[in-house]
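Ready for a short walk through this structure? Open your viewer, switch on side chains, and follow along one stop after another.

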Amino acid sequence: MRAIKLPRLPPPLKRALVAAFALAVVGAIALTLSRLDWGVVAVLFTRRDAGQISLLLGGALLASMAGLAFGFLAWRVVLLETGPPVSEPRVVRIFFVGFLSKYLPGRVPGMFAVTKVATANGVTFGRLISVAALVMSLVLLSGFTVGLLAGVQMLGARAVWLAGAAVLVLLVLVRPQIVNQGSGLLLRLLRRPAAAKAASVRGVRLAVAWQSLSWVVTGLHLWPLAIAMGASPSRSLALCVGAFTLATTIGIASVFIPDGIGVREAVLTAALTVVLPAPAAAAVALASRLISTISEVLLGAAALATAEYLIRRGRTALGEQQ
């Protein structure tokens, strides 16, 4: 299937469209932040000393940002494995444009934007789709596996269905080619072009490791929030990591619900009732959404700003050499 080539736009029009897109993303993010339940922060500050709550919230924010960064590293490994080299700032640009575009209503504007950015930075459409298919499979498999930490406490023996994901992850680690074959089959069924080069055995294993670490570290942000609401630190640690991972993975799998909103909070609340009363569990779930959104925006904005600075500095240096 041949990719459709869009006409080349004049530079002024291109800059105007880029600016309009950036403003649309900023507006969508601002709207999302305004719709979050900020009152939950006041609830947290009524539970403990202001200094303690500030430390707990700061720890939650740092854990969430660090986990997201590890998730980026998993995506980066797969991207660099499936084609010609791409400079680090451009890898960051492609990933975080797509990452922040998810706040736009609908999926088409974000997909169009990340495709244009990717092709402009040396990544073909087929390669981008192959990376997305492979990474998504790793995200879901590793997510359900780490989710066992909460599933066993929530479901008991009924959590055995989650063990299927753990078996598949082990199988992927032993025979990573399975992931390449599976993503290739999916792309053929969707009639989409695949990347010219498949990810190596080492690359797939490294991506699994980074993504699993991402889940664990990101899930840690829920722990200080649960502690703030009165959960036992020792009893809630594994539950919080697993609950966030399981809830988010189920939200991702709910493809018709943007960012799993509602689904994630329902699963989180149900899981946290193991260590907290239902109202406190619901407050932690809402606080988790708030922390996750803020961390995504902060990390995405900082990463994109740094990448743009490095790319522009590189162009300036190249121009001076010429």
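Start by selecting Lys102 and Phe99: the charged end of Lys102 sits over the ring of Phe99, 4.8 Å from the ring centre. Keep in mind as you look around that this is a predicted model.

Stay with Lys102 and add Glu296 to your selection. Their side chains meet in a salt bridge, with 3.1 Å from N to O. Lys102 belongs to the loop between α4 and α5 (108-120), while Glu296 is in helix α14, so this pair ties together parts that are 194 residues apart in sequence. Now show the surface: is each partner buried or exposed? Lys102 has 35% relative accessibility and counts as partly exposed, whereas Glu296, at 9%, counts as buried.

Return to Phe99 and select Phe95 as well. The two ring centres are 5.8 Å apart and the planes are at 15°, so the pair is stacked. Phe95 and Phe99 are 4 residues apart in helix α4, a separation of about one helical turn. Both of these residues are buried.

Next, bring in Trp75. With Phe95, Trp75 makes a tilted aromatic pair, 5.1 Å centre to centre with 55° between the planes. Trp75 lies in helix α3 and Phe95 in helix α4, so here the pair ties together parts that are 20 residues apart in sequence. Trp75 is buried at a relative accessible area of 10%, and Phe95 is buried at 15%.

Which residues form one aromatic cluster here? Select Phe72, Trp75, Phe95, Phe96 and Phe99 together to see it. Across the structure, the count comes to 7 aromatic pairs.

From the rings, move on to Arg76 and Glu88. Their side chains form a salt bridge at 2.7 Å, N to O. The partners are 12 residues apart, with Glu88 in helix α4 (residues 88-101) and Arg76 in helix α3 (residues 50-81). Glu88 is partly exposed, with a relative accessible area of 37%; Arg76 is also partly exposed, at 23%.

For the last stop, select Arg93 and Glu308, whose side chains meet in a salt bridge of 2.8 Å, N to O. Because Glu308 lies in helix α14 (residues 278-321) and Arg93 in helix α4, the pair ties together parts that are 215 residues apart in sequence. Arg93 counts as buried at 11% relative accessibility, and Glu308 counts as partly exposed at 23%.

If you would like to keep exploring, a search of the whole structure finds 4 salt bridges, including those visited on this tour.

Technical notes
Residues are numbered from 1 along each chain as its sequence is written. This is a predicted model: local features need pLDDT of at least 70, side-chain atom pairs count only at pLDDT 80 or more; totals for chains, interfaces and linings use all residues. Side-chain values use heavy atoms; hydrogens and water are left out. Helices (H or I, at least four residues) and strands (E, at least two) are DSSP runs, numbered from the N terminus. Buried means under 20% relative accessible area, exposed over 50%, partly exposed in between (1.4 Å probe, protein chains only). Rings of Phe, Tyr and Trp (its six-membered ring) pair if their centres lie within 6.5 Å; planes under 30 degrees apart count as stacked, over 60 as edge-to-face and the rest as tilted. A charge sits over a ring if NZ of Lys or CZ of Arg is within 6 Å of the ring centre and within 35 degrees of the ring normal.
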